[in-house]
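I open this notebook to keep track of what I look up in the structure. The entries follow the order in which I went through it.

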Amino acid sequence: MEPLCTEELKGNADVVEFCNIPPYLNLLVAASYTLQEGPVPIRVGGLHVFSVERKDENHAAVRLQELQVIETSGVFDIKWRGSSSDLGLLPCLGQASADGSLRLYSLQEGSGVEKALLQERVNIAVSSSMCLSLDWCPMGAKDQIALSHSDGLISVVDVGQAKTGVILSAEVHEFETWTTSYDSWDPELLYSGADDSHFCAWDLRQGFDSPVFRNRKAHRMGICSIQSNPQVENALITGSYDENIRLWDKRMMQSPVMRFELGLGGGVWRLKWHPFDQGLILAACMHNGFAVIRADGHDMQVIESYNRHASLAYGADWYKGQWGESDDEAAHQASDYGGTMRSLVATCSFYDKALHVWEPATRACNKRK
């Protein structure tokens, strides 16, 4: 499979995110992290803001128009604030930075859909250690962001007050906490995974003194990604350096059950559920490219691979609309569309600084009527 279009970033590409709020669904941000060697090493990065534009009426070709480049600290993770029923909500992008800061970007005043530009609004020094991942509190319940750190720390930052700041922080792992993420169905439940191979859950009402569970045995190496399924309440996936993706049933929250385990041939750095298809997963597999995975109640298997990148596969995301329709149509039909639909994916790889946009051959199934 060939990419629909490609771009080369200025730095080592490690994360890419499509915007999730209409009418800005075509807004795509790719970020980079580059270590500049020297007597005092410096970790620098950048945010590359693109508009994904259709070149023909069949959507068989697209082009990336670069709108903006923001120079910043080295970037380990970015995420858009979750969508909301509030029609006045504008996109906001969070950045987990190598200098230990959390940065928030919003659209500049007067930015239109065609020329959407980001402006830094918040820069919070969260920790002296590197911020490795972030996640927004789901469902608009609270304006809070959770971050994981290179010294085993997890922090929760309140960004909804006039004065933003850390409200919870604790060292919960022995080594790098590579990932933290909220449960899609419970804004008080936070997951973490680290280089100590521990998979944990935390009830934020109780703080970080005692986990809801701490699984030490299932993962043979560090845990890189944890994603709760936003469409299936009890489904959860984890990705690990041990090259496996695992699907969990969390109905017994104090001891979730691993339903399936699947080897992907490379460290599973990033996992993304499809925005409409409740069983379709996109995986960034480091030394083995990217994979599209189908998971259901009976099985989990790779149904498609993408190996056009020449370096470590780190960043991956789904287009949040119905590819082939306008953003307004996609937003309107998202809740009641049935049958199959086309998808669009953006991926990036590290040392070759490459950003690719491609269309999986797999048709997504939207079972929500």
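I began with Cys200 and found it buried, with a relative accessible area of 0%; buried means under 20% relative accessible area, exposed over 50%, and partly exposed in between, with a 1.4 Å probe and protein chains only. I note that this is a predicted model, in which local features need pLDDT of at least 70 and side-chain atom pairs count only at pLDDT 80 or more, while totals for chains, interfaces and linings use all residues. Residues are numbered from 1 along each chain as its sequence is written, and side-chain values use heavy atoms, with hydrogens and water left out.

Next I looked for disulfides, taking one to be a pair of cysteine sulfur atoms within 2.5 Å, and the structure holds 0 of them. Cys200 is in no disulfide, and the nearest cysteine sulfur, that of Cys224, is 15 Å away. I then asked why Cys285 forms no bond with the closest cysteine sulfur. The sulfur of Cys285 is too far from that closest one, in Cys224, because 11 Å lies between them. Cys285 also counts as buried, at 1% relative accessibility.

I turned to the largest nonpolar core, meaning a set of buried Ala, Val, Leu, Ile, Met, Phe, Trp, Tyr and Cys residues joined through side-chain atoms within 4.5 Å. It has 20 residues, and among those that touch the most other members are Leu27, Val29, Leu47 and Trp80. Strand 3 (27–36), strand 4 (42–54), strand 5 (62–73), strand 6 (75–80) and strand 8 (101–107) each give two or more residues to this core; strands here are DSSP runs of E, at least two residues long, and helices are runs of H or I of at least four, both numbered from the N terminus. A second, separate core of 19 residues includes Ala13, Phe50, Leu64 and Tyr319.

I also followed an open sheet, in which 4 strands stand in the order 22-23-24-25 with antiparallel pairing, where two strands pair if DSSP finds at least two bridges between them. Its edge strands, strand 22 (270–273) and strand 25 (300–306), each pair on one side only. Strand 22 pairs with strand 23 (residues 280–284) in the antiparallel sense over 4 bridges, and Leu271 stands opposite Ala283 in strand 23.

Last, I checked the UniProt record, an unreviewed entry, which lists residues 216–249 as "repeat: WD"; such annotations may be inferred rather than shown by experiment. In the model this span is 0% helix and 53% strand, and its end C-alpha atoms lie 17 Å apart.
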